[in-house]
Structures are given as structure tokens and as C-alpha cells.
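Colleague: Could you walk me through this model, one feature at a time? I would like to learn how to read each of them.

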Amino acid sequence: MRIILIGPQGAGKGTQAKRLAEKTGARIISTGDMVREEIKSDSELGRKVKEYNDRGELVPDDIIVEMAKPHLGAPEGWVLDGFPRNEAQARTLDETLEELDVEVDRVVALEAPDEALVKRLSGRRQSQTTGRIYHIEHDPPPQNSEEDPGPFVQRDDDTEEAIRRRLEIYHEQTEPLKDYYAERGLLVEVDATRSIPEVTEEVLDAVGERA
Ligand code: AMP
């Protein structure tokens with residue numbers, strides 16, 4: 001199964017990608033995770049992409065394509081989380097998939113209004129110990145827990161300014177991809193404001209898997 005997940009930041013792409021991958025056995029290809037790994041390693045490339053990441057700007061296409069490309073031939077299939085993010089990347093992806101002689105099965109767009117997303121993202125905290133994501137209001141980090149001692153930190157690009165910029169870029173550059181894939185009959189839109197299991201159920205339905 002080869003699925004592209006499109007959606008604004010905070011719509012739950014990462015969460016749904018994980019649940020979808022567990023259900024289908026596909027591999028998750030998250031360019032955002034690759035960017036954060038590179039930053040963590042403090043490589044020359046990491047220092048370069050950090051500037052874009054922290055401002056909420058897109059990393060240049062050639063860098064992102066280089067990161068994603070080696071994974072696209074995975075025989076177990078994949079869920080693309082955060083790639084492609086503009087039309088140039090979508091075209092490059094098409095070319096690569098043609099070379100590999102594989103096809104996209106579905107493009108799932110997660111939908112949620114901006115204000116809900118800003119709220120979700122500005123309250124988001126991640127445990128530096130376990131990587132688990134919490135929300136200060138809806139799912140607060142545990143206090144004095146052995147299972148997850150934290151510390152609980154905000155992502156460098158979860159500041160209000162960077163969040164607004166990422167949403168602006170999403171509407172300008174990524175959202176038009178919905179038409180790009182709808183024209184090919186691949187797009188399914190899913191309401192992402194509901195609970196995580198409800199969204200998963202609809203996503204699984206959209207890709208032809210039973211919940
Ligand atoms: P994400 O976790 O998907 O929100 O990605 C975090 C950051 O990584 C983005 O704000 C960009 O700076 C960079 N990034 C991830 N995927 C892409 C992509 N497909 N194109 C350009 N930049 C990306």
C-alpha cells in the first residue's frame with residue numbers, strides 16, 4: 001500500500017501515519033523526522049536545514065528529495081508524511097515512482113481549521129526521554145512519572161510565529177496539491193477535528209482497510 005498524507009501542521013499526520021503503518025505494515029517516510037534527525041546530528045546539512053525548520057520555512061526541494069528518494073522503493077509500501085509539500089516535489093515524486101514502476105494508491109487529506117491547529121500546536125510538548133507527544137491542556141505531561149520522566153519540551157518550530165508561517169505556506173503551496181491528486185481520482189478528504197480513533201477509522205476506510 002502506498003499512501004500520501006497531506007494536511008496542515010497539527011492535523012495529526014504523524015499520529016495517523018503511525019496508526020496506518022501499524023495496520024498495513026507499510027513504512028513511514030516522514031521528511032520532517034528526517035530533517036529533525038539531521039539537525040540533532042549537528043552535521044553541516046543539519047545546521048543548514050535548522051534555519052529553515054526553526055522559522056517554519058520549507059527546506060529547499062533538492063535537499064528534501066535527496067532525503068526521501070532512497071526510501072521510495074521499499075517493498076512493504078509506505079505512508080508519506082509531509083512529502084510532497086509543493087507542486088515541484090509532487091512532480092519529482094511522480095518521475096521517481098515511474099522509474100521505480102510503482103503507483104500511489106490513495107492521497108488522504110486531513111482537514112482542520114487554522115485556529116484549532118494553532119491551539120493544538122502551541123500547547124504541544126514532547127518528552128525528550130520517550131518522544132511521546134502531550135498537550136498541556138488536553139493531555140498534560142505526567143508529573144514525577146517513572147515511565148516518562150521528561151523533560152517535556154516544545155519543538156523549535158512550535159512557536160506562534162513559526163506556526164503561523166507554516167500554515168501560510170501550507171495554504172499557499174501544499175493545499176493546491178489536493179486538486180493535483182483529485183484530478184487523478186486519488187484524493188480523499190477526512191475531517192481531522194474528531195478524536196484520534198475516529199479519524200483513523202475514516203482514514204482506514206478511505207484506503208480500503210477495515211478498522
Ligand atoms: P513536519 O514535521 O512535517 O512539520 O516538518 C518540519 C519541518 O521540516 C518543516 O517546517 C520544513 O522546514 C521541513 N520539511 C519537512 N518536510 C518538508 C518538505 N517536503 N519540503 C520542504 N521542507 C520540509
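Modeller: Gladly; we will go through the sheets, the ligand site and a few backbone details. Keep in mind that this is a predicted model.

Colleague: Let me begin with the sheets. What is the order of the strands in the sheet of five, and is the pairing parallel or antiparallel?

Modeller: The general idea is that strands of a sheet pair through backbone hydrogen bonds, either parallel or antiparallel. Here five strands make an open sheet, ordered β2-β3-β1-β4-β8, with parallel pairing. The twist from one strand to the next averages 20°.

Colleague: Which strands stand at the edges?

Modeller: Those are β2 (27–30) and β8 (187–191). Each has a single partner strand, so one side of each is left without a neighbour in the sheet.

Colleague: How many bridges join β4 to its partners β8 and β1?

Modeller: Strand β4 (residues 106–111) is joined to β8 by five bridges, and leucine 110 sits opposite valine 190 of β8. With β1 (residues 2–6), β4 pairs over four bridges, again in the parallel sense. There, isoleucine 4 has valine 107 in β4 as its bridge partner.

Colleague: And which helix lies across β4 and β8?

Modeller: That is helix α9 (residues 196–206), which runs at about 165° to β8.

Colleague: Now the sheet of three. How are its strands ordered?

Modeller: The order is β6-β5-β7, in an open sheet with antiparallel pairing. Its edge strands, β6 and β7, each pair on one side only. Between β5 (residues 124–127) and β7 there are two bridges; serine 127 has phenylalanine 152 in β7 as its bridge partner. Helix α6 (residues 114–122) lies across β5 and β6, at about 35° to β5.

Colleague: Let us turn to the ligand. How many residues surround the ligand, and which are the closest?

Modeller: To read a site, list the shell, then look at individual contacts. In this model 15 residues surround the ligand, the closest being Thr31, Arg36, Glu57, Gly82 and Gln89. By class, the shell holds five nonpolar, five polar and five charged residues. Helix α2 (residues 31–40) gives the most to this shell, with four residues.

Colleague: What distances should I look at for arginine 36, glutamate 57 and valine 59?

Modeller: Start with the side chain of arginine 36, where an N or O atom is 2.8 Å from an oxygen atom of the ligand. For glutamate 57, a polar backbone atom is 2.6 Å from a ligand oxygen. At valine 59, a backbone N or O atom lies 3.0 Å from a nitrogen atom of the ligand. As for cover, the ligand on its own has 480 Å² of accessible area, and the protein covers 96% of that.

Colleague: Last, the backbone. Where are the cis peptide bonds before proline 84 and proline 151 found?

Modeller: For these, read omega and then place the residue in the chain. The bond from phenylalanine 83 to proline 84 is cis, with omega near 0°, and proline 84 is in the loop between β3 (78–81) and α5 (87–100). Glycine 150 and proline 151 are also joined by a cis peptide bond, with omega about 5°. Proline 151 is in the loop between β6 (133–135) and β7 (152–153).

Colleague: What is the phi of aspartate 42?

Modeller: Aspartate 42 has a positive phi of about 60°, although it is not a glycine. You will find aspartate 42 in the loop between α2 and α3 (44–55).

Notes. Residues numbered from 1 in each chain as written. Predicted model: local features only at pLDDT ≥ 70, side-chain atom pairs only at ≥ 80, totals over all residues. Heavy atoms only, no water. Pairing = 2+ DSSP bridges. Axes fitted to C-alpha atoms, helices over the stretch in contact; angles between N-to-C directions. Contact = heavy atoms within 4.5 Å. Near = heavy atom within 4 Å. Polar contact = N/O pair within 3.5 Å; in protein donor to acceptor, adjacent residues only side chain to side chain. Areas by Shrake-Rupley, 256 points an atom, 1.4 Å probe, with all protein chains shown as cover. Nonpolar A, V, L, I, M, F, W, Y, C, P; charged D, E, K, R; others polar.
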